[in-house]
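Grab a coffee and work through these short exercises with the structure open beside you. Try each task before reading its solution.

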Amino acid sequence: MVNGLSVDVEDWFQVGAFEKVIARGDWDDLALRVEDNVLRILDLFAEAEVKATFFTLGWVAERNGALMRRIVDAGHELASHGYDHARVFTFDRKQFADDIRRARETLEDAGGVAVTGYRAPSFSIDQRTPWAYLELAEQGYAYSSSVAPIVHDHYGWREAPRFAFHPLAGADLVEIPVTTATFAGKRLAAGGGGFFRVLPYAFSRWAIRQVNRRDGRPAVFYFHPWEIDPDQPRVPGAPLKSRLRHYTNLERMAPKLRDLVREFAWGRMDEIAQREAARVVPLAA
Ligand SMILES: [Zn+2]
């Protein structure tokens, strides 16, 4: 079973948790660390001989053209994470259309490849954004991996299917939600990010095995470049809960990732999407 491996490429100051303490207008004055961190990730993936998808902000691609080509040359997929991490439910359809078009043009110019995959910032496609899939389909995207089918304080679309679905009748677009495991009838977030960093590795192993063996489906895992960077600047004034979530176990992340990429089989999200698309039915016909 080949699972989907993904990196959401954004810098340490672009995370949703800090948006109230770091103004969008100050981004250009802050030290960029994303390039060094992505290079370390590329080395880690090369050592383990795995390919992955890098969902990258247009803002980052604009400033790191050489890095985009390194990602592509190493055989990974370059895909879109929107232009500057504004969440989909803060847009109307026209603003969303402009955001994903701008991000894609920037990524395609920088990487020299076609971009066919999209991941919404902070998994922000949910029941509030029924037009998002229409727009993605219209702009020719093959797949989206933008839904967290759980309840969470910052995001989540609780009623969404746990596995790949066609969000639009009559369109090929496929949505591949981030992985959840189930325990005692409840869905647990098990697809990466802070959960992977904070909980013991054994939890992720159990969850991925459950999804692969019991559900017979690929897992979809994600993490961020800043999560392997213990030396990143600390953001003063951020809420305690955000700081705890952001800074816990950063120094243990790289070795943990090494275990994860070696223990399971991993591939690019566009390949997972193709395989999954063959077996799914429309959400609502
Ligand atoms: Zn993100």
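**Exercise 1.** Which side chain of opposite charge is nearest to Asp 11, and how many Å away is it?

Solution. Keep in mind that this is a predicted model.
- Step one, find the residue: Asp 11 sits in the loop between β1 (2-9) and α1 (34-48).
- Step two, look for the partner: the nearest side chain of opposite charge is Arg 33, 6.1 Å away. A salt bridge needs the charged atoms within 4 Å, and Asp 11, though buried, has none.
- Step three, see what the side chain does reach: the backbone nitrogen of Val 34, at 3.1 Å. Its contacts further along the sequence include Ala 31, Leu 32 and Trp 226.

**Exercise 2.** Work out which residues coordinate the zinc ion and where they come from in the chain.

Solution.
- Step one, list the donors: Glu 10 (OE), His 81 (NE2) and His 85 (NE2) hold the zinc ion at 2.0 to 2.1 Å.
- Step two, write the spacing: E-x70-H-x3-H.
- Step three, place the ends: Glu 10 is in the loop between β1 and α1, while His 85 is in the loop between β3 (77-80) and α4 (93-111), so the pair links parts of the chain 75 residues apart.
- Step four, check burial: the cut-off is under 20% relative accessible area. Glu 10 counts as buried at 2%, and His 85 is buried at 9%.

**Exercise 3.** Sort the two faces of helix α8 (residues 240-247).

Solution.
- Step one: Ser 242, His 246 and Tyr 247 are buried. They share one side of α8 because their arc around the axis is only 105°.
- Step two: the face turned away carries exposed Leu 240, Lys 241 and Leu 244.
- Step three: the buried residues of α8 pack against α6 (194-198) and α9 (250-263).

Terms used. Residues numbered from 1 in each chain as written. Predicted model: local features only at pLDDT ≥ 70, side-chain atom pairs only at ≥ 80, totals over all residues. Heavy atoms only, no water. Buried < 20%, exposed > 50% of the residue type's maximum accessible area, 1.4 Å probe, protein only. Helix = DSSP H or I, 4+ residues; strand = E, 2+ residues; numbered from the N terminus. Arc of directions from axis to C-beta. Contact = heavy atoms within 4.5 Å. Lys, Arg positive; Asp, Glu negative; His and termini not counted. Polar contact = N/O pair within 3.5 Å; in protein donor to acceptor, adjacent residues only side chain to side chain. Donors = N, O, S within 2.8 Å, 3.2 Å for Na, K, Ca; no water. Lists of a residue's contacts leave out its neighbours within four places in sequence.
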